[in-house]
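I opened the notebook to check charged side chains and model confidence. My entries follow.

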Amino acid sequence: MKQFTKKVLFALLALALLTTPAFTTGTKESTGKPTITVGSKIDTEGALLGNMIVLMLENNGFRVVDKTQTGSTPIVRSAITAGEIDIYPEYTGNAYYFFSGESEADLWKDFQAGYKKAAELDLNANNIVWLTPAPANNTWAIAVRGDLAERESLETLEDLAAYVNAGGHFKLAASEEFVSSEAALPAFEKGYGFTLRENQLLVFAGGNTTLTEQAAASGQEQVNAAMAYGTDGQLAALGLQVLTDTKNIQPVYAPSPIIRKSALEQSPEIATILEPVFKSLDLETLQLLNSRIAVEGQSPRMVAENYLKEIGEVQ
């Protein structure tokens, strides 16, 4: 009798499981929404913005494959054009170099004009859609130790060029991308008329400015300057000073989610989901959030989640 009862119970349990609706959040079976693969660059802000996208999509019922911190710009760019990821945060200024020679350089120094051109070129060439950008400029920059800036009266990149050309001690910590990309150090060298030798560079494989700025602050291997971004949050805490780009060598780098057209057509609500988040990310907000990661040591996902709760986008 006990054996018969167990069989009946198991049968009833199996029947119940088969007839109970699935409740796995974000699966296609439960929501009808497809899986979205999210990537990002490997630096602090890339991880922050990538996690915001992940969390917002998860919160709206999407099943997300998290591939944030995919790699440097060429790697993550190749991933989206190859269809290995569906969406990641990019910067408008990079489109000038993605589509070199297709527009005037000055156009990219205007926030709206640069964004519109990036959206137009990428859609036509790659079926990639640029969504609403953040009102911030995360441009490439060079920061020097505060003691060096004070001693040598360095305030601008013109001051730096004069100092380097006069034989002053200068060693820059930077990513491989910053050193080799036409958009970064080579553009500064050409625009301001100086050249750094190999022994004046400490090159990191990744693009995380936390590493480059800490190297400058600590004087690692005689480094006294660092690759930086305009929205970095740890510069003041580390005693580093960004040198002014008086010639506006750099274009505007406004952060924007970019998504494959086919993925957006399948889920057009993604644009509406992400718009209020990116609209809220001005320069000061990004500096603050980046500092929570770089200075306080919080995880990018934790910082992203807490911020989204603060602005009422997730519970």
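**Confidence.** pLDDT is the predictor's confidence in each residue, on a scale from 0 to 100. I need it here since this is a predicted model. I looked up the mean pLDDT of the protein chain and found 89. I also noted that 90% of its residues reach 70 or more. Then I checked residues 1-30, where the pLDDT is below 50. Beyond near neighbours in sequence, I find 13 contacts for this stretch in the model.

**Salt bridges.** How many salt bridges does the structure hold? I get 12. I went through three of them, as below.

**Glu-90 and Lys-41.** I looked up this pair and found that the two side chains meet in a salt bridge, at 2.7 Å from N to O. I placed Glu-90 in strand E3, residues 87-91, and Lys-41 in strand E1, residues 35-41, so the salt bridge ties together parts that are 49 residues apart in sequence. Buried or exposed, I asked of Glu-90 and Lys-41? I have Glu-90 down as buried, and Lys-41 as buried too.

**Lys-117 and Glu-120.** My next pair is a salt bridge between the side chains of Lys-117 and Glu-120, with 3.6 Å from N to O. Where do Lys-117 and Glu-120 sit? I find them in helix H6, residues 111-126. They are 3 residues apart there, so about one helical turn separates them. I then checked accessibility. Lys-117 has a relative accessible area of 19%. The cut-off for buried is under 20%, so I log Lys-117 as buried. Glu-120 comes out at 40%, and I log Glu-120 as partly exposed.

**Asp-106 and Lys-109.** I looked up the side chains of Asp-106 and Lys-109, and they meet in a salt bridge at 3.6 Å, N to O. Asp-106 has a relative accessible area of 59%. Exposed means over 50%, so I enter Asp-106 as exposed. Lys-109 has 33% relative accessibility, and I enter Lys-109 as partly exposed.

**Arg-77.** I turned to one more charged residue. I find Arg-77 in helix H4, residues 73-81. Its relative accessibility is 10%, so I count Arg-77 as buried. What is Arg-77 in contact with, leaving aside its neighbours within four places in sequence? I list the aromatic residues Tyr-88, Phe-98 and Phe-99 among the contacts of Arg-77. I also list Asp-122, Asn-126, Ile-128 and Ile-258.

Notes:
Residues numbered from 1 in each chain as written. Predicted model: local features only at pLDDT ≥ 70, side-chain atom pairs only at ≥ 80, totals over all residues. Heavy atoms only, no water. Salt bridge = Lys/Arg side-chain N within 4 Å of Asp/Glu carboxyl O. Helix = DSSP H or I, 4+ residues; strand = E, 2+ residues; numbered from the N terminus. Buried < 20%, exposed > 50% of the residue type's maximum accessible area, 1.4 Å probe, protein only. Contact = heavy atoms within 4.5 Å.
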